[in-house]
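Let's walk through this one together, starting with how some strands pair up and ending out on a loop.

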Amino acid sequence: MGPREVLNKLRWSGTNELQNVKITILHRGAPGDKRVIEGAEILELGRGFMRLASPDEEVYIPYHRILKIEAGGRAVWEKRAE
């Protein structure tokens, strides 16, 4: 199961757990090249990307940049080392 499927499963769980998820993404230039996104920032789970709300504009993050998804304080998905 990939990150899109995991996020959709959390979104449609009946309790919309997606709102409380933390997603670590590869973000070049950020400290450690990582950034954490809150599930509440997600506007859309598209076919190849997530669309996020940001203060200035909407941002599109491709799923291949997701490193880890956490829900309830535990990792529910992590990218395997290549």
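S3 (42-45) and S4 (49-52) run antiparallel and are joined by 3 bridges. Strands here are DSSP E runs of at least two residues, helices are H or I runs of at least four, and both are numbered from the N terminus; two strands count as paired if DSSP finds at least two bridges between them. One of the links puts Leu45 opposite its bridge partner in S4, Met50.

A quick word on ground rules: this is a predicted model, where local features need pLDDT of at least 70, side-chain atom pairs count only at pLDDT 80 or more, and totals for chains, interfaces and linings use all residues. Residues are numbered from 1 along each chain as its sequence is written, and side-chain values use heavy atoms, with hydrogens and water left out.

Back to the strands: the open sheet has 3 of them, in the order S3-S4-S5, with antiparallel pairing. S3 and S5 (59-62) are the edges, each with a single partner strand, so one side of each has no neighbour in the sheet.

Met50 also turns up in the largest nonpolar core (buried Ala, Val, Leu, Ile, Met, Phe, Trp, Tyr and Cys residues joined through side-chain atoms within 4.5 Å). Of its 18 residues, Leu7, Val21, Ile23, Met50, Ile66 and Ile69 touch the most other members. Helix H1 (3-11) and strands S1, S3, S4 and S6 each give two or more residues to this core.

Now for the loop between S6 and S7 (74-78), where Gly72 sits. Gly72 counts as exposed because its relative accessibility is 79% (exposed means over 50%, buried under 20%, partly exposed in between, with a 1.4 Å probe and protein chains only).
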